[in-house]
Amino acid sequence: MDLHDFPALFQQKIDSETKIEPLDWMPDAYRKTLIRQISQHAHSEVVGMLPEGNWISRAPSLKRKAILIAKVQDEAGHGLYLYSSCETLGTSREATINDLHSGKAKYSSIFNYPTLTWADMGAIGWLVDGAAILNQVMLCRTSYGPYARAMVRICKEESFHQRQGFDILYTLSKGTDEQKAMCQDAINRWWWPSLMMFGPKDSESNNTDQSMKWKIKRKTNDELRQQFVDMCAEQVKVLNMTLPDQELKWNTETQHYDFGEINWDEFWNVVKGNGPCNKERLDARRKAHDEGEWVREAAKAYAKKRAGKNKHIAA
Ligand code: BYC
């Protein structure tokens, strides 16, 4: 086979739904898009631990505390699968993490909002994890093998996260007037930022077209957002709560819910680093990284020692 055949072979694999694997030839732009998306996704998982980690010490019962700790640990695991998946594309983990700490790399806008009450743990689980799952179920079929396989496990855990969030809200929604108000307030604050998680409108998304052609993305930002609105507009009825959108209405023609316009200025402002908690989140990540230096050193020393021992055995 000649070098000129590689692009055709790559396309053939995409067309026939054969996964692209790390050692396969791939266009530079495909590799670059994946590194961008997977690293942003990994950063989102790790930064996503912060708003919830904030409530571990204040969870209302031992049971809720144990569940929340497990969930936050799961997010760390998701970050690790994704950083590993990103490394298979030829990046170093150190460089990827440095890009986060220097503010060069993006992570999901949603994690730049504060968690003000316990009900926020419910709203994050139901809405944020709910939005994440819709996006990630599609990514289980993404064309790059290591990303698709990481997603399968992540989705299983995310479904549990969504259920636990809904359960928190459900409990509050059956509680005192004060608890009901707390539940509604959290839904009000998290609804619009959750819709922003799906990214800009298709007409303003520079990456969607090409990512759909490469089957990195299987659904567009607007398609997923609509699916999310349709799902939540029904689920909120079980909570006896409302979504904060006067324009939310079932459309008998389209068989979907119509909904109001997202505040795109707010979205871009948060993406550009000017959200309510951007600075706090990055400071917390940098601090955790610095304080973890001794762990990385110890792991390196241990790996070196093991390698020396194995050399001895092989000889
Ligand atoms: N926040 O052309 P577009 C989770 C950027 S859940 C910040 O549509 P694309 C978790 C976008 O990167 C969240 N930036 O891009 C849940 C692009 O920037 P550049 C993580 C955003 O990639 C619970 C520009 O805007 N999930 O982890 O085709 C607990 C134009 O956008 C956002 C994922 O990352 C945003 N919301 O589509 C704990 C899923 N939206 O790089 C953790 C994987 C867009 O061109 N990612 N941007 O300058 C994806 O599916 C896609 O990357 C997106 C965006 C749908 C997010």
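Start with three helices: H2 (28-47), H6 (119-139) and H11 (264-274) each give at least two residues to the shell around the ligand. Keep in mind that you're looking at a predicted model. Of the elements that build this shell, H2 gives the most, with six residues.

So who's in the shell? In total, 32 residues surround the ligand, and the closest include Gln40, Lys106 and Lys217. Sorted by class, the shell has 13 nonpolar, 13 polar and six charged residues.

Now zoom in on some polar contacts. The side chain of lysine 217 has an N or O atom 2.6 Å from an oxygen atom of the ligand. Asparagine 207 also uses its side chain, with an N or O atom 2.9 Å from a ligand oxygen. With methionine 196, look at the backbone instead: one of its N or O atoms there sits 3.2 Å from a nitrogen atom of the ligand. Overall, the protein covers 92% of the 1,000 Å² of accessible area that the ligand has on its own.

Next, find helix H10, which runs over residues 221-239. Its 19 residues reach 27 Å from the first C-alpha to the last, close to the 27 Å expected at 1.5 Å a residue. Asn221, where H10 begins, is among the residues closest to the ligand, and Asn221 is buried too. Other buried residues of H10 include Leu224, Phe228, Cys232 and Val236. In an α-helix there are 3.6 residues a turn, so residues three or four places apart point the same way.

What do the buried residues of H10 pack against? Their partners are H6, H7 (145-173), H8 (177-196), H9 (208-213), strand E2 (256-258) and H11. Just after H10, asparagine 240 takes a positive phi of about 60 degrees.

Terms used:
Residues are numbered from 1 along each chain as its sequence is written. This is a predicted model: local features need pLDDT of at least 70, side-chain atom pairs count only at pLDDT 80 or more; totals for chains, interfaces and linings use all residues. Side-chain values use heavy atoms; hydrogens and water are left out. A residue is near a molecule or strand if one of its heavy atoms lies within 4 Å of it. A polar contact is a pair of N or O atoms within 3.5 Å; within protein, one must be able to donate a hydrogen and the other to accept it, and residues adjacent in sequence count only if both atoms are side-chain atoms. Accessible areas come from the Shrake-Rupley method with a 1.4 Å probe; for residues, only the protein chains shown count as cover. Helices (H or I, at least four residues) and strands (E, at least two) are DSSP runs, numbered from the N terminus. Ala, Val, Leu, Ile, Met, Phe, Trp, Tyr, Cys and Pro count as nonpolar, Asp, Glu, Lys and Arg as charged, and the others, Gly among them, as polar. The expected span of a helix is 1.5 Å times one less than its number of residues. Buried means under 20% relative accessible area, exposed over 50%, partly exposed in between (1.4 Å probe, protein chains only). Contact means heavy atoms within 4.5 Å.
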